[in-house]
Amino acid sequence: MTSAQTQGLIAMLTVLAIFVLLILPSVIGIVHDKRVDRQIRKAHEYRTARGATRTV
């Protein structure tokens with residue numbers, strides 16, 4: 001590997017790392033939202049099946 005190829009590889013890996021750091025918070029947020037939605041849906045189904053009513 002020549003010096004130019006090594007520098008190109010380092011630059012490409014740096015850009016990839018920055019891209020991952022920028023995207024990571026969004027992915028974590030999406031996963032969190034999906035988990036919360038699943039919990040809300042499960043609680044709603046449980047209350048519907050039990051015939052529970054809202055008490056304020």
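**Figure 1. Ile 40 in helix 1.** Ile 40 is found in helix 1 of this predicted model. With a relative accessibility of 54%, Ile 40 counts as exposed, because the cut-off for that class is over 50% relative accessible area. Between the C-alpha atoms of Ile 40 and Gln 5, which stand 35 residues apart along the chain, the separation is 52 Å.

**Figure 2. A positive surface patch that includes Arg 38.** Four residues, Lys 34, Arg 35, Arg 38 and Arg 41, form a positive patch on the surface. One of them, Arg 38, lies in helix 1, the element that covers residues 3-50.

**Figure 3. A nonpolar surface patch that includes Leu 9.** The nonpolar patch on the surface is formed by Met 1, Leu 9, Met 12, Leu 13, Leu 16, Ile 18, Phe 19, Val 20, Leu 22, Ile 23, Val 27 and Val 31, and together these residues have about 1,200 Å² of accessible area. Leu 9, one of the residues in this patch, lies in helix 1. Its relative accessibility is 33%, so Leu 9 counts as partly exposed, a class that lies between the limit of under 20% for buried residues and that of over 50% for exposed ones.

**Figure 4. The whole chain, as the setting for the close-up views.** The secondary structure of the protein comes to one helix and zero strands. The radius of gyration is 23 Å, well over the 10 Å that the globule rule gives for 56 residues, and the protein is therefore more spread out than a compact globule. Measuring out the C-alpha trace along its principal axes gives spans of about 70 × 20 × 5 Å. Of the 56 residues in the protein, buried residues make up 0%, where a buried residue would need to have under 20% relative accessible area. The accessible surface of the protein comes to about 5,500 Å², and carbon and sulfur atoms account for 67% of that surface.

Definitions and conventions. Residues numbered from 1 in each chain as written. Predicted model: local features only at pLDDT ≥ 70, side-chain atom pairs only at ≥ 80, totals over all residues. Heavy atoms only, no water. Patch = residues over 30% accessible without salt bridge, like charges linked within 9 Å, V, L, I, M, F, W, Y side chains within 5 Å. Areas by Shrake-Rupley, 256 points an atom, 1.4 Å probe, with all protein chains shown as cover. Salt bridge = Lys/Arg side-chain N within 4 Å of Asp/Glu carboxyl O. Lys, Arg positive; Asp, Glu negative; His and termini not counted. Charge placed at Lys NZ, Arg CZ, Asp CG, Glu CD. Helix = DSSP H or I, 4+ residues; strand = E, 2+ residues; numbered from the N terminus. Buried < 20%, exposed > 50% of the residue type's maximum accessible area, 1.4 Å probe, protein only. Rg over C-alpha atoms; globule rule 2.2 N^0.38 Å.
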